[in-house]
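User: I'm new to this one and would like to know what backs up the labels people put on it. Could you walk me through it?

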Amino acid sequence: MVRTRAGAVRGRREDGLVVFRGIPFAEPPVGDARFAAPRPVAAWDGTRDAFAFGPPPPQESGFQGRTGVIDGPMGDDWLTVNIWTPDPDPAARRPVMVWIYGGAYKLGHSGSPGYDARRIARDGDLIVVTLNYRLGVEGFARIDGAPANRGLLDQIAALEWVRENIAAFGGDPGRVTVFGESAGAGSIAALLAMPSAAGLFGRAIAQSVPGPFFSDELARDIAAAIAAEAGLRPTAADLSTVDPRQLPAAGETLGAKMRTFENRWGTVAHTLTAFSPVVDGELLPSDPWQALAAGAARDVELIVGHTRDEYRLFAALGGGLGTITDEQATAALRTFGPAAVLGSRSGSEPGPGSGADGERAYRTAFPDASPEELHEWVHSDALFRMPSLRLAEAQTAGGGRAHVYELAWAAPAYGGALGACHGLDVPLLFGTYGADLGLMLFAGVESSLEAEALSSRFRTAWTAFATTGDPGWPAYDIERRPTQVFDTDSAVTPYPHETSRRLWEHHAFGALPLMG
């Protein structure tokens, strides 16, 4: 039994740890609290059993064949945390790692089996916290009468809960590391730039940072389109008339027709999600790349990296492996190439021929590449690899420290055809090969000694960083560009995608503008 600020909770001993599940860190965001900033949880009497994960936040059913249906309890208590601790002794003062899940800002649940953190907590002799946050329309749609970035506000509320309560579980509130993948990494990039998150963590690990961040104008236009699918105005008052479990259907309907908004939304119309952190000028004053370069997070130690073959997962889910034509490659190069405006701090629109310039740049840099390789590489670079690398470069430019990595080990399923694809680092880090995405990436393949060794190497680096600030390889600098490459034979090398780095070195990642 542990006593939090709001009341006592009872956990269970499991595999040498004490585990607490489903502890509320804020009031359920329903009723008059819907679309509002998270509110402090009300105190309770007696001892609350913390044996089961809280219910998942409302979310879409999935994308490109991957289901978002979650086996979890029903209810409105979405805003909960879960804790794995070696010993809930207040005198222990162990490091704390807080996981923020990904899922295109519209999918995810901290109770998913793939996020079982027992191996991280046990191997690292530290505390792991996982949390839920609002998704999709509830968490990220830019609507009138509601604060922007409610999903990020939920994450901040959870981190504030950690600061106030984690000592009772044996943790040190002064040694908190946030870590997350994909939309979780994008969330961390945003938190690094948010004044309201300052001081809540001293270290951060961002795995595959997504490039898209939205300007306020673009986000409002997208929210209006989503609301229109439900026959409503983009206001908190209108959207509150729809049950939160029914509202994701409007986002799904829009998702099926996003390409029709290409002239207004630019590259966003060619991605898998209509949601992203919004650079609203208040909660998120500027995009992460600009903020870090200006020194906003110079006191936070950072690991940032990506997988080698980021986009191949999405190509496989969409049935595109082995089918890409030269026409499809041309379209991708013109849409996502570095001469096309993915984000501009000036908000300017692409000039005549900019798409052709993007295609020309890639075809010149990779003259022997096949259409499929070009298609994959430009997507990987634009959406994950270059945003991640440039975040590290911004951190160093702002006077901070960053360590860069790449996962190059190929997923064993399907004869390695998926390569080192997006999301592979999650089952490797958690050691959950038979759950969630691990079921696909390790499908029909038992975890091998090689996989176990790499999994252990990931956990050792991440937990050492959380404990000491040193993951085991040198910090990044723009002369040597040292990069930890995780593979069967891991090594520190110069950044492995130098050609891509040069193609993108003058591109300014930032908030995507409204084009129309």
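User: Let's start small. In which loop does Ser 208 lie?

Analyst: Keep in mind that this is a predicted model. Ser 208 lies in the loop between strand S12 (203–207) and strand S13 (213–215).

User: And why does Ser 208 count as buried?

Analyst: The cut-off for buried is under 20% relative accessible area. Ser 208 has 0% relative accessibility, so it counts as buried.

User: What is the phi of Ser 208 near?

Analyst: Phi of Ser 208 is near 65°, which is a positive value in a residue other than glycine. As background, most residues other than glycine have a negative phi. Tyr 414 has a positive value too, with phi near 55°.

User: Where does Tyr 414 lie, then?

Analyst: You'll find Tyr 414 in the loop between strand S16 (402–407) and helix H14 (425–430).

User: Is Tyr 414 buried or exposed, and why?

Analyst: Exposed takes over 50% relative accessible area. Tyr 414 comes in at 55% relative accessibility, so it counts as exposed.

User: On to the rings. What makes Trp 462 and Phe 486 an aromatic pair, and why is the pair called edge-to-face?

Analyst: Ring centres have to lie within 6.5 Å, and planes over 60 degrees apart count as edge-to-face. The structure holds 29 aromatic pairs. In the one formed by Trp 462 and Phe 486, the centres are 6.0 Å apart and the planes make 70°, so both tests are passed. This pair also links distant parts of the chain: Trp 462 is in helix H16 (residues 449–468) and Phe 486 in strand S17 (residues 482–486), 24 residues apart. Both residues are buried.

User: Which residues do ring pairs link into a cluster?

Analyst: The cluster takes in Trp 99, Tyr 101, Tyr 105, Tyr 115, Tyr 133, Phe 140, Phe 179 and Phe 430.

User: How do you know that Arg 12 is close enough to count as lying over the face of Phe 51?

Analyst: For arginine, CZ must be within 6 Å of the ring centre, besides meeting a limit on the angle. Arg 12 lies over the face of Phe 51 at 4.0 Å from the ring centre, and Arg 48 does likewise over Trp 44, at 5.3 Å.

User: What about the sheet: what makes strand S3 and strand S18 its edge strands?

Analyst: The sheet is an open one of 11 strands, in the order S3-S4-S8-S10-S9-S11-S12-S15-S16-S17-S18, with mixed pairing. Strand S3 (12–14) and strand S18 (491–494) are the edge strands, as each pairs on one side only. On average, neighbouring strands of this sheet are turned by 25° against each other, direction ignored. Helix H4 (residues 183–193) packs on the sheet, touching S9, strand S11 (171–181), S12 and strand S15 (301–307).

User: How do you know that strand S9 and strand S10 pair?

Analyst: Pairing needs at least two bridges. Four bridges join strand S9 (residues 94–100) to strand S10 (residues 127–131), so the two strands pair, and they run parallel. In S10, Ile 127 is the bridge partner of Val 96.

User: Last one: why is the whole protein called as compact as a globular protein of its length?

Analyst: The protein has 17 helices and 19 strands. Its radius of gyration is 22 Å, close to the 24 Å that the globule rule gives for 516 residues, so the protein is as compact as a globular protein of that length. Buried residues make up 60% of the 516 residues.

Definitions and conventions:
Residues are numbered from 1 along each chain as its sequence is written. This is a predicted model: local features need pLDDT of at least 70, side-chain atom pairs count only at pLDDT 80 or more; totals for chains, interfaces and linings use all residues. Side-chain values use heavy atoms; hydrogens and water are left out. Rings of Phe, Tyr and Trp (its six-membered ring) pair if their centres lie within 6.5 Å; planes under 30 degrees apart count as stacked, over 60 as edge-to-face and the rest as tilted. Buried means under 20% relative accessible area, exposed over 50%, partly exposed in between (1.4 Å probe, protein chains only). A charge sits over a ring if NZ of Lys or CZ of Arg is within 6 Å of the ring centre and within 35 degrees of the ring normal. Axes are lines fitted to C-alpha atoms, for helices over the stretch in contact, and angles run from 0 to 180 degrees between N-to-C directions. Contact means heavy atoms within 4.5 Å. The radius of gyration is taken over C-alpha atoms; the globule rule is 2.2 Å times the number of residues to the power 0.38.
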